[in-house]
Amino acid sequence: MDTDILVIGGGAGGTMAAITAAHLGCRVTLIEKNARIGRKLLISGKGRCNLTNAETEVSEFLQKVPGNGRFLYSALHAWMPADEMAFMEQLGVPLKVERGNRVFPVSDRAVDIVDALDRALKQADVKRITEDTATALRFEGDRMRGAETKKHGFLCCRSYIVATGGATYPRTGSTGDGYKLARDAGHTVTNLRPALVPLVSDDPACGQLQGLSLRNVTLRLYQKGKKKPVYEELGEMLFTHFGVSGPLVLRASSHIPAGAVKDFFLELDLKPGLTMDKLDKRLQRDFAENKNRHFQNALSGLLPASLIPVIVEKSGIPGSKKVNLITREERTALGLLLKQFSISLSDFRPMAEGIVTGGGISVKEVNPKTMESKLKKGLYFAGEVLDVDAYTGGYNLQIAFSTGRLAGESAAKESKLHV
């Protein structure tokens, strides 16, 4: 089989690359491991597909990309969230913008996004090979010549786009196949880790607080020995039987390098709306209203019921101590505990639980203006297989669409030069 461009991976990046290259007049073949495209898209956004984030400035978007954001500057300028939204609506999918600029189909059905991409591939006359995968790349010198596939043998092509996704959600087909292909081509694959993933803690308090969801708290991530937080944000989090989860925790996890979780800890400000002085006055007022009660029974107006025993234990103040006997020093220490509630960390949850993969093909070896390999001509990369990851909220899918668009466009131009 002869084709101009071979794309492996039928997710967001791969489908966008294939559609783009085909629209530019190239013969394109898309190889997808599953029976249909978009398996991971179907489960994204809890089945609703948080397609993108309606950021209007590249600089603002890149602030949500802790992993190698600068690499995406050209790709995002070439294909912004507004471009992706217009593209999907042209394919017949009405969109809506929700809290945090998150973009979803009006129908709240991820399948509508996948079906639209499916139609676009057919309209662009992209040839599809499903339930197959590439096992090796073939080169003549430093130029791409084709790929060996598991079922269809050798496929000759002028350009090849790797868009196989990461290593999270393996049941969708994201099993890290692209990393092997990249390594075989001489590329460096940085240490892989689950990103946007819950964190494990050995603090017994987490188990005691299992199921407690906190809203409007400030979470700070610190590296041990450092005074400035690595990450800080106001929002929601959840205590679980293994540790902590929720939006704030998932975002914090993106700032922790592979194998270094134990070098970090979390700190919660349980009362971010109050300064230490105002919190102390609040405590004085609450204690005055409950002066004859035991300490453990005087915090119900300040804290959720399940949190009170943990705070009492960590404060060191006996729960049976009468409130009117609590010293100023004890009250000050209690205030500090509420503003600096510390949680130790011991590990990431398993890779399969990560929303995206952190690490991947080193961006130092990829041209950011074309997505082409700096090591092999005609080899391109797009999406999660690259060492780039962002926060939740549609950012990661937009990265896949933008890099896929740029890779498809660049590969098409390259292919036409060598007809």
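What follows is a short exchange about a predicted model of one protein chain.

Biologist: What share of the 419 residues in the protein chain is buried?

Modeller: Start with the overall frame. The protein chain has 13 helices and 20 strands. Its C-alpha atoms fill a box of roughly 90 × 40 × 35 Å along the principal axes. Of the 419 residues, the buried share is 56%.

Biologist: How much of the accessible surface belongs to carbon and sulfur atoms?

Modeller: Take the total before the share. The accessible surface of the protein chain comes to about 18,000 Å². Carbon and sulfur atoms hold 49%.

Biologist: How far apart are the centres of the positive and negative side chains?

Modeller: The protein chain carries 57 positive side chains and 46 negative ones. Each set has its own centre, and the two centres lie apart by 3 Å.

Biologist: Which helix gives the largest share of the largest nonpolar core?

Modeller: The largest nonpolar core has 132 residues. Met88, Tyr160, Phe239 and Phe341 have the most contacts inside it. The largest share of this core is 9 residues, and they come from helix α13.

Biologist: Which residue is in contact with phenylalanine 239 and is also among those with the most contacts inside the core?

Modeller: Set aside neighbours within four places in sequence. Phenylalanine 239 is then in contact with residues including Cys206, Leu268, Ile343 and Phe341. The core residues with the most contacts are Met88, Tyr160, Phe239 and Phe341. The name on both lists is Phe341.

Biologist: How far from phenylalanine 341 is alanine 382 in space?

Modeller: Alanine 382 sits in the loop between β20 and α13. In sequence, it is 41 residues from phenylalanine 341. In space, C-alpha to C-alpha, the two are apart by 40 Å.

Biologist: Is alanine 382 buried or exposed?

Modeller: Look at what it touches. Beyond four places in sequence, alanine 382 touches Ile161, Val162, Ala163, Thr403, Gly404 and Ala407. Its relative accessible area is 1%. The cut-off for buried is under 20%, so alanine 382 is buried.

Biologist: Why does serine 159 count as buried?

Modeller: Serine 159 lies in strand β10. Leaving aside neighbours within four places, its contacts include Asp4, Ile5, Leu6, Met144, Tyr380 and Glu414. Serine 159 counts as buried because its relative accessibility is 0%.

Biologist: Which elements pack against the buried residues of α11?

Modeller: Helix α11 spans residues 308–315. Its buried residues are Ile308, Val310, Ile311, Val312 and Ser315. Just after α11, glycine 316 takes a positive phi of about 80 degrees. The packing partners of the buried residues are α8, α12 and β17.

Biologist: What is the relative accessible area of aspartate 108?

Modeller: Most residues other than glycine have a negative phi. Aspartate 108 is not a glycine, yet its phi is positive, at about 60 degrees. It sits in the loop between β5 and α6. Aspartate 108 is partly exposed, with a relative accessible area of 30%.

Biologist: Where is tyrosine 169, with its positive phi near 50 degrees?

Modeller: Tyrosine 169 is another residue other than glycine with a positive phi. It is partly exposed, with a relative accessible area of 24%. Its place is in the loop between β10 and α7.

Biologist: How many residues separate phenylalanine 61 and tyrosine 395, which form an aromatic pair?

Modeller: A search of the whole structure finds 5 aromatic pairs. Phenylalanine 61 and tyrosine 395 form an edge-to-face one, 5.0 Å centre to centre with 75 degrees between the planes. Phenylalanine 61 lies in helix α3 and tyrosine 395 in helix α13, and their separation in residues is 334.

Biologist: Is the pair of tyrosine 222 and phenylalanine 265 stacked or edge-to-face?

Modeller: The pair joins strands β13 and β16, 43 residues apart. The ring centres are 5.4 Å apart and the planes differ by 15 degrees. Planes under 30 degrees apart count as stacked, so this pair is stacked.

Biologist: Which residue of that pair is partly exposed?

Modeller: Buried means under 20% relative accessible area. Tyrosine 222 has 11%, so it is buried. The partly exposed one, with 21%, is phenylalanine 265.

Note on methods:
Residues are numbered from 1 along each chain as its sequence is written. This is a predicted model: local features need pLDDT of at least 70, side-chain atom pairs count only at pLDDT 80 or more; totals for chains, interfaces and linings use all residues. Side-chain values use heavy atoms; hydrogens and water are left out. Buried means under 20% relative accessible area, exposed over 50%, partly exposed in between (1.4 Å probe, protein chains only). Helices (H or I, at least four residues) and strands (E, at least two) are DSSP runs, numbered from the N terminus. Contact means heavy atoms within 4.5 Å. A nonpolar core is a set of buried Ala, Val, Leu, Ile, Met, Phe, Trp, Tyr and Cys residues joined through side-chain atoms within 4.5 Å. Accessible areas come from the Shrake-Rupley method with a 1.4 Å probe; for residues, only the protein chains shown count as cover. Lys and Arg count as positive and Asp and Glu as negative; His and the chain ends are not counted. The place of a charge is taken as NZ of Lys, CZ of Arg, CG of Asp or CD of Glu. Rings of Phe, Tyr and Trp (its six-membered ring) pair if their centres lie within 6.5 Å; planes under 30 degrees apart count as stacked, over 60 as edge-to-face and the rest as tilted.
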